[in-house]
Amino acid sequence: MIHDLGQESFQQAHAPMYEGLQSDSKKPLYTGCKNSLTLLSVVLSLVNVKVRYGWSDKSFTLLLQVVHDLLPEENTLPKSYYQAKKILCSMGMEYQKIHACPKDCILYRHEFKEMPKCPRCGASRYKVKDDEDCNSDENSKKGPPVKVLGYLPIIPRFKRLFANGDDAKYLTWHENGRNSDGMVHHLADCSQWKKIDGLYLDFGKEATNLRLGLASDGMNPYGNLSTQYSS
């Protein structure tokens, strides 16, 4: 947890990262541009569009190259997606690629990490050509994976939230700013919250420990629910 590191040691460990972000947030995209057009803000905007519309890495690199050539000379825009990711990785926005069974039986991690086929359904982990024997371990390791899960590690995002003073204040509001008058104003006033604190004393007494909730409203994983209600 972050509080175990100590504020001073945490800042020292992440000082180069924040210095780089601060520099990029103030570095103009090109000489004479608006103050809002910084290297960091422009790269964030472009990467957000890429993710929203599912652009491939190759197409995004080509876009960066075209935009770079259209801008004035000596602009700071990266020319490839790899360079753009290096700017954003220090923000904790990296993600992990985990191979998955095409039938969603397992994720190829832990004890399944090196397996070429799914141990439950026998489906190949990798794409194979139609004329190849997919039962062969040698052939099953050819080509790219059939399905990949993009996993966003949660701990780096927690650290980034606590690095901002305003966000950190809101994250600990239930302990330091809540009106405890016996009425239910917040989830922390509910019996379920208090029960968890009673079961896990070390967890409950630390305000920076976070509780995650899962909301499933509107989720239809199997697509078998009607979108219209009958009268």
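Which backbone atom lies 3.1 Å from a polar atom of the side chain of T61? I looked this up in a predicted model.

**Entry: T61**

I found that the atom is the backbone nitrogen of Y81, 3.1 Å from the T61 side chain. I placed T61 in helix α4, which runs over residues 57-70. I then checked the burial of T61: its relative accessibility is 18%, and because buried means under 20%, T61 counts as buried. I listed the contacts of T61, leaving aside neighbours within four places in sequence, and got K79, S80 and Y81.

**Entry: helix α5**

I went on to helix α5, residues 81-89, since Y81 belongs to its buried set. I noted Y81, A84, I87 and L88 as the buried residues of this helix. These buried residues cover an arc of only 115° around the axis, so they sit on the same side of α5. I looked at the other side of α5 as well and found Y82 and K86 exposed there.

**Entry: salt bridges**

How many salt bridges does a search of the whole structure find? I got six. Side chains of opposite charge can pair when their charged atoms come close. I wrote down three of the pairs, as follows.

I took K147 and D104 to begin with; their closest N and O atoms are 2.9 Å apart. This pair links distant parts of the chain, with the two positions 43 residues apart in numbering. I located K147 in strand β2 (residues 147-151) and D104 in the loop between β1 (96-100) and α6 (137-140). I recorded K147 as partly exposed, because its relative accessibility is 29%. I recorded D104 as exposed, because its relative accessible area is 58%.

I turned next to D197 and R211, whose side chains meet in a salt bridge at 2.3 Å, N to O. The pair again links distant parts of the chain: D197 is in helix α10 (residues 191-199), while R211 is in the segment after α11 (201-204), and they are 14 residues apart. I noted that R211 counts as partly exposed, because its relative accessibility is 25%.

I also entered the salt bridge of D202 with K205, where the closest N and O atoms are 3.6 Å apart. Are D202 and K205 buried or exposed? I found both D202 and K205 exposed.

Terms used
Residues numbered from 1 in each chain as written. Predicted model: local features only at pLDDT ≥ 70, side-chain atom pairs only at ≥ 80, totals over all residues. Heavy atoms only, no water. Helix = DSSP H or I, 4+ residues; strand = E, 2+ residues; numbered from the N terminus. Buried < 20%, exposed > 50% of the residue type's maximum accessible area, 1.4 Å probe, protein only. Polar contact = N/O pair within 3.5 Å; in protein donor to acceptor, adjacent residues only side chain to side chain. Contact = heavy atoms within 4.5 Å. Arc of directions from axis to C-beta. Salt bridge = Lys/Arg side-chain N within 4 Å of Asp/Glu carboxyl O.
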